[in-house]
Amino acid sequence: MFDGLLMYILGGAVIGILARFFKPGADPIGWIMTIVLGALGALAGSYIAGMLGVTGLLVWAVAILAAIVLLFLWEAIRGKRTRTA
């Protein structure tokens, strides 16, 4: 049981970091939120990939895309304001 939880945390961290890397703009969120959004993106991405019949490394790509969408939703919910020069 502990191994599964640890893998979700590690996988969530990797997917969250990759999502933040590929998403344009600065994301002033901490490591915990990065892991949470990454883990949720992994869960959503694996569900979507299963529905589409996607297997292999493409599941990771779908999970990263889902995490990017969650990052955009998180910004919208938080009401992030952009700075103008």
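These exercises, each with a worked solution, concern the predicted model shown above.

Residues are numbered from 1 along each chain as its sequence is written. Local features need pLDDT of at least 70 and side-chain atom pairs count only at pLDDT 80 or more, while totals for chains, interfaces and linings use all residues, and side-chain values use heavy atoms, with hydrogens and water left out.

**Exercise 1. Chain overview**

State how many helices and strands the protein chain has, and what share of its residues counts as buried.

Solution.

Step 1. Assign the elements as DSSP runs numbered from the N terminus, taking helices as H or I of at least four residues and strands as E of at least two. The result is three helices and zero strands, in the order α-α-α from the N terminus on.

Step 2. Classify residues by relative accessible area: buried is under 20%, exposed is over 50%, and partly exposed lies in between (1.4 Å probe, protein chains only). Of the 85 residues, 29% count as buried.

Step 3. Compute the accessible area with the Shrake-Rupley method and a 1.4 Å probe; for residues, only the protein chains shown count as cover. The chain exposes about 6,000 Å², and carbon and sulfur atoms supply 76% of this area.

Step 4. Count contacts, meaning heavy atoms within 4.5 Å. Among contacts between residues at least 6 apart in sequence, 66% join residues at least 24 apart.

**Exercise 2. The salt bridge**

Find which residue forms a salt bridge with Lys23, and determine where the two partners lie.

Solution.

Step 1. Search for a side-chain nitrogen of Lys or Arg within 4 Å of a carboxyl oxygen of Asp or Glu. This rule gives a count of one salt bridge.

Step 2. Read off the pair: Lys23 and Glu75, with their closest N and O atoms 2.7 Å apart. The partners are 52 residues apart and link distant parts of the chain, with Glu75 in helix H3 (residues 58–78) and Lys23 in the loop between helix H1 (2–22) and H2.

Step 3. Recall the general point: side chains of opposite charge can pair when their charged atoms come close.

Step 4. Check the accessibility of each partner. Glu75 counts as buried because its relative accessibility is 15%, and Lys23 counts as buried because its value is 3%.

Step 5. List the surroundings of Lys23. Not counting residues up to four places away in sequence, Lys23 touches Ile68, Leu71, Phe72 and Glu75.

**Exercise 3. Gly12 and Thr34**

Decide whether Gly12 is buried or exposed, then trace the contacts of Gly12 and Thr34.

Solution.

Step 1. Place the residues: Gly12 is in helix H1, and Thr34 is in helix H2.

Step 2. Gly12 is buried because its relative accessible area is 0%. Thr34 is also buried, with a relative accessible area of 2%.

Step 3. Leaving out residues up to four places away in sequence, Gly12 touches Thr34, Ile35, Gly38 and Ala39. Under the equivalent exclusion, Thr34 is in contact with Gly12, Gly16, Ile17, Arg20 and Ile29.

Step 4. Add a C-alpha distance: Gly12 and Leu37, 25 residues apart in sequence, are 7.2 Å apart in space.

Step 5. Look for polar contacts, meaning pairs of N or O atoms within 3.5 Å; within protein, one must be able to donate a hydrogen and the other to accept it, and residues adjacent in sequence count only if both atoms are side-chain atoms. The side chains of Thr34 and Arg20 are joined by such a contact of 2.6 Å.

**Exercise 4. Core and surface patch**

Identify which residues make up the largest nonpolar core, and which make the nonpolar surface patch.

Solution.

Step 1. Build the core from buried Ala, Val, Leu, Ile, Met, Phe, Trp, Tyr and Cys residues joined through side-chain atoms within 4.5 Å. The largest such core has ten residues: Ile15, Ala19, Ile29, Leu37, Ala42, Ala63, Ile64, Ala67, Ile68 and Leu71. H1, H2 and H3 each give two or more residues to this core, and H3 supplies the largest share, five residues.

Step 2. Follow one core member. Leaving aside neighbours within four places in sequence, Ala19 is in contact with Ile64, Ala67, Ile68 and Leu71.

Step 3. Build patches from residues with over 30% relative accessible area and no salt bridge, joining like charges within 9 Å and nonpolar side chains (Val, Leu, Ile, Met, Phe, Trp, Tyr) within 5 Å. Tyr8, Ile32, Val36, Leu40 and Leu43 make a nonpolar patch of about 490 Å².

Step 4. Assign the patch: helix H2 (residues 31–52) gives its largest share, four residues. Ile32 is found in helix H2 and is exposed, with a relative accessible area of 67%.
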